[in-house]
Amino acid sequence: MNTKNNKRRRESVERIEKTFITLLQEKELQEITVADLCKNAELNRSTFYANYLDLYDLAEKLKEKLEKDFSNLFLGYDHSMHTGALTMFEHIKENQLFYKTYFKLCYNSEQRVLIYDTERARQDFDNKHIAYHIEFFRSGLNAIIKMWLDGGCRETPEEMAEIIKLEYRGR
(Lines give C-alpha, C1' and ligand atoms only; values in the text may rest on other atoms or scores of the structure.)
Protein backbone atom coordinates (compact mmCIF):
# COMPACT_ATOMS: atom_id res chain seq x y z
CA MET A 1 0.00 0.00 0.00
CA ASN A 2 1.41 3.39 -0.98
CA THR A 3 0.35 5.46 2.01
CA LYS A 4 1.43 9.04 2.45
CA ASN A 5 4.35 8.48 4.83
CA ASN A 6 5.63 5.04 3.94
CA LYS A 7 9.35 4.66 3.34
CA ARG A 8 9.13 3.77 -0.34
CA ARG A 9 6.94 6.75 -1.16
CA ARG A 10 9.19 9.15 0.80
CA GLU A 11 12.23 7.81 -1.06
CA SER A 12 10.46 8.24 -4.41
CA VAL A 13 9.47 11.82 -3.57
CA GLU A 14 13.06 12.58 -2.50
CA ARG A 15 14.39 11.17 -5.79
CA ILE A 16 11.88 13.20 -7.77
CA GLU A 17 12.79 16.39 -5.86
CA LYS A 18 16.56 15.87 -6.16
CA THR A 19 16.30 15.08 -9.87
CA PHE A 20 14.05 18.10 -10.41
CA ILE A 21 16.52 20.38 -8.61
CA THR A 22 19.36 19.03 -10.75
CA LEU A 23 17.38 19.55 -13.95
CA LEU A 24 16.49 23.10 -12.87
CA GLN A 25 20.18 23.95 -12.75
CA GLU A 26 20.47 22.97 -16.42
CA LYS A 27 17.09 24.07 -17.84
CA GLU A 28 14.22 26.43 -17.20
CA LEU A 29 11.06 24.98 -15.65
CA GLN A 30 9.09 25.14 -18.91
CA GLU A 31 11.83 23.15 -20.71
CA ILE A 32 11.60 20.18 -18.32
CA THR A 33 9.21 17.33 -19.10
CA VAL A 34 7.77 14.70 -16.79
CA ALA A 35 9.27 12.06 -19.09
CA ASP A 36 12.78 13.56 -18.70
CA LEU A 37 12.35 13.84 -14.96
CA CYS A 38 11.18 10.25 -14.60
CA LYS A 39 13.93 8.93 -16.85
CA ASN A 40 16.62 10.74 -14.84
CA ALA A 41 15.06 9.70 -11.52
CA GLU A 42 14.68 6.12 -12.78
CA LEU A 43 11.03 6.09 -11.76
CA ASN A 44 7.79 5.39 -13.60
CA ARG A 45 5.54 8.23 -14.67
CA SER A 46 2.80 6.67 -12.53
CA THR A 47 5.00 7.26 -9.47
CA PHE A 48 5.33 10.92 -10.40
CA TYR A 49 1.58 11.33 -10.97
CA ALA A 50 0.78 9.53 -7.71
CA ASN A 51 2.48 12.44 -5.94
CA TYR A 52 2.01 15.48 -8.20
CA LEU A 53 -0.50 16.83 -10.69
CA ASP A 54 2.22 18.15 -13.00
CA LEU A 55 5.63 19.83 -12.91
CA TYR A 56 4.15 23.11 -11.68
CA ASP A 57 2.57 21.29 -8.74
CA LEU A 58 5.98 19.76 -7.96
CA ALA A 59 7.59 23.22 -8.23
CA GLU A 60 5.01 24.76 -5.90
CA LYS A 61 5.31 21.98 -3.31
CA LEU A 62 9.09 22.16 -3.40
CA LYS A 63 8.97 25.96 -3.02
CA GLU A 64 6.64 25.64 -0.03
CA LYS A 65 8.95 23.06 1.55
CA LEU A 66 11.94 25.39 1.15
CA GLU A 67 9.97 28.29 2.64
CA LYS A 68 8.96 26.18 5.63
CA ASP A 69 12.55 25.01 6.19
CA PHE A 70 13.73 28.63 6.01
CA SER A 71 11.12 29.94 8.44
CA ASN A 72 11.92 27.13 10.90
CA LEU A 73 15.46 28.53 11.16
CA PHE A 74 14.15 31.48 13.11
CA LEU A 75 11.91 29.73 15.62
CA GLY A 76 13.11 30.93 18.99
CA TYR A 77 16.02 33.06 17.80
CA ASP A 78 16.94 36.08 19.92
CA HIS A 79 15.73 38.72 17.41
CA SER A 80 19.17 40.28 17.16
CA MET A 81 19.68 41.51 13.61
CA HIS A 82 23.26 40.22 13.52
CA THR A 83 22.41 36.79 14.98
CA GLY A 84 19.43 36.34 12.67
CA ALA A 85 21.39 37.41 9.61
CA LEU A 86 24.31 35.15 10.51
CA THR A 87 21.98 32.17 10.98
CA MET A 88 20.35 32.91 7.65
CA PHE A 89 23.62 33.30 5.71
CA GLU A 90 25.11 30.15 7.28
CA HIS A 91 22.05 28.18 6.21
CA ILE A 92 22.11 29.63 2.70
CA LYS A 93 25.81 28.84 2.27
CA GLU A 94 25.28 25.24 3.45
CA ASN A 95 22.29 24.85 1.09
CA GLN A 96 23.26 26.92 -1.96
CA LEU A 97 21.70 24.59 -4.50
CA PHE A 98 18.36 24.69 -2.72
CA TYR A 99 18.34 28.48 -2.54
CA LYS A 100 19.34 28.84 -6.18
CA THR A 101 16.46 26.50 -6.95
CA TYR A 102 14.11 28.50 -4.74
CA PHE A 103 14.88 31.71 -6.59
CA LYS A 104 14.36 29.92 -9.91
CA LEU A 105 10.96 28.74 -8.68
CA CYS A 106 9.93 32.24 -7.61
CA TYR A 107 8.47 33.21 -10.94
CA ASN A 108 6.25 35.78 -9.23
CA SER A 109 7.83 38.89 -7.66
CA GLU A 110 5.59 38.53 -4.61
CA GLN A 111 7.40 35.32 -3.63
CA ARG A 112 10.48 35.86 -1.53
CA VAL A 113 12.92 33.87 0.53
CA LEU A 114 12.92 36.42 3.33
CA ILE A 115 10.64 36.00 6.30
CA TYR A 116 10.50 39.42 7.92
CA ASP A 117 9.55 40.30 11.49
CA THR A 118 6.91 42.91 10.71
CA GLU A 119 5.99 43.38 14.38
CA ARG A 120 9.56 44.33 15.22
CA ALA A 121 9.66 46.69 12.25
CA ARG A 122 6.47 48.35 13.49
CA GLN A 123 8.11 48.93 16.88
CA ASP A 124 11.33 50.31 15.36
CA PHE A 125 9.61 52.38 12.66
CA ASP A 126 6.33 53.60 14.14
CA ASN A 127 5.00 55.60 11.22
CA LYS A 128 2.44 55.50 8.43
CA HIS A 129 5.05 54.44 5.84
CA ILE A 130 5.99 51.12 7.46
CA ALA A 131 4.82 49.11 4.43
CA TYR A 132 7.42 50.90 2.30
CA HIS A 133 10.17 50.15 4.80
CA ILE A 134 9.23 46.46 4.89
CA GLU A 135 9.15 46.19 1.10
CA PHE A 136 12.47 48.06 0.79
CA PHE A 137 14.17 45.78 3.30
CA ARG A 138 12.74 42.55 1.86
CA SER A 139 13.61 43.46 -1.72
CA GLY A 140 17.09 44.63 -0.80
CA LEU A 141 17.92 41.57 1.23
CA ASN A 142 16.64 39.26 -1.48
CA ALA A 143 18.79 41.06 -4.05
CA ILE A 144 21.83 40.69 -1.77
CA ILE A 145 21.15 36.98 -1.26
CA LYS A 146 20.79 36.41 -5.02
CA MET A 147 23.98 38.36 -5.71
CA TRP A 148 25.88 36.37 -3.07
CA LEU A 149 24.61 33.07 -4.50
CA ASP A 150 25.45 34.12 -8.06
CA GLY A 151 28.98 34.95 -6.89
CA GLY A 152 29.43 31.50 -5.38
CA CYS A 153 29.12 32.69 -1.75
CA ARG A 154 32.72 33.92 -1.72
CA GLU A 155 32.21 36.08 1.36
CA THR A 156 31.77 34.30 4.68
CA PRO A 157 28.38 34.25 6.40
CA GLU A 158 29.96 36.48 9.06
CA GLU A 159 30.95 39.06 6.43
CA MET A 160 27.46 38.99 4.93
CA ALA A 161 25.84 39.42 8.37
CA GLU A 162 28.13 42.41 8.99
CA ILE A 163 27.11 43.93 5.64
CA ILE A 164 23.45 43.66 6.62
CA LYS A 165 24.16 45.05 10.09
CA LEU A 166 25.93 48.08 8.60
CA GLU A 167 23.15 48.68 6.06
CA TYR A 168 20.45 48.34 8.67
CA ARG A 169 22.40 50.45 11.18
CA GLY A 170 21.71 48.13 14.10
CA ARG A 171 17.94 48.65 14.21
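User: Why is isoleucine 145 called buried?

Analyst: Keep in mind that this is a predicted model. Isoleucine 145 has a relative accessibility of 0%, and buried means under 20%, so the label fits. The residue sits in helix α8. Its C-alpha is 8.4 Å from that of isoleucine 92, although 53 residues separate the two in sequence.

User: What is the overall layout of the protein, in helices and strands?

Analyst: There are nine helices and zero strands, and the pattern along the sequence reads α-α-α-α-α-α-α-α-α. The protein has 171 residues, of which 38% count as buried. Looking at contacts with a separation of 6 or more, 63% come from residues 24 or more positions apart.

User: What makes the pair of phenylalanine 48 and tyrosine 52 tilted, and how many aromatic pairs are there?

Analyst: The search of the whole structure turns up four aromatic pairs. For phenylalanine 48 and tyrosine 52, the ring centres are 5.4 Å apart and the planes make 40 degrees. Centres within 6.5 Å count as a pair, and planes under 30 degrees apart are stacked while those over 60 are edge-to-face, so 40 degrees lands on tilted. Phenylalanine 48 is buried, at 0% relative accessible area, and tyrosine 52 is buried too, at 5%. Together with Tyr49, these two make up one aromatic cluster.

User: And why are phenylalanine 89 and tryptophan 148 called edge-to-face?

Analyst: Their planes stand at 90 degrees, with the centres 5.2 Å apart. Over 60 degrees counts as edge-to-face, so that is the name the pair gets. It also links distant parts of the chain: phenylalanine 89 is in helix α5 (residues 81-94) and tryptophan 148 is in helix α8 (residues 130-150), 59 residues apart. Phenylalanine 89 counts as buried at 0% relative accessibility, as does tryptophan 148 at 2%.

User: How do you know how α1 and α4 are oriented to each other?

Analyst: Their axes come within 11 Å and cross at roughly 95 degrees. An angle from 65 to 115 counts as roughly perpendicular, so α1 is roughly perpendicular to α4. On the α1 side, the contact is made by Ile16, Glu17, Phe20 and Ile21, and on the α4 side by Leu55, Leu58, Ala59, Leu62 and Lys65.

User: What else is there to know about α1, such as how far it reaches?

Analyst: Helix α1 covers residues 7-26, which is 20 residues, and it reaches 29 Å from first C-alpha to last, close to the expected 28 Å. Its buried residues include Arg9, Val13, Leu23 and Leu24. These buried residues of α1 pack against α2 (34-41), α3 (45-51), α4 (55-72) and α6 (96-105).

User: Why does serine 12 count as buried when its value is 12%?

Analyst: The cut-off is under 20%, so a relative accessible area of 12% is enough for serine 12 to be buried. This serine belongs to helix α1. Beyond its neighbours within four places in sequence, serine 12 is in contact with Leu43 and Thr47. The C-alpha atoms of serine 12 and alanine 41 are 8.6 Å apart, with their positions 29 residues apart along the chain.

User: What is unusual about the phi of glutamate 42 and of cysteine 153?

Analyst: Most residues other than glycine have a negative phi. Glutamate 42 is not a glycine, yet its phi is positive, about 55 degrees. Cysteine 153 also has a positive phi, near 55 degrees. Glutamate 42 lies in the loop between α2 and α3, while cysteine 153 is in the loop between α8 and α9 (157-168).

User: Are those two residues buried or exposed?

Analyst: Glutamate 42 has 66% relative accessibility, and exposed means over 50%, so it counts as exposed. Cysteine 153 has 2%, and buried means under 20%, so it counts as buried.

User: How many disulfides does the structure hold?

Analyst: Zero. Another cysteine to look at is cysteine 38, which counts as buried at 6% relative accessibility.

Conventions:
Residues numbered from 1 in each chain as written. Predicted model: local features only at pLDDT ≥ 70, side-chain atom pairs only at ≥ 80, totals over all residues. Heavy atoms only, no water. Phe/Tyr/Trp six-rings, centres within 6.5 Å; stacked < 30°, edge-to-face > 60°. Buried < 20%, exposed > 50% of the residue type's maximum accessible area, 1.4 Å probe, protein only. Helix = DSSP H or I, 4+ residues; strand = E, 2+ residues; numbered from the N terminus. Disulfide = S-S within 2.5 Å. Expected span 1.5 Å × (residues − 1). Contact = heavy atoms within 4.5 Å. Axes fitted to C-alpha atoms, helices over the stretch in contact; angles between N-to-C directions. Parallel < 35°, antiparallel > 145°, perpendicular 65-115°, else oblique.
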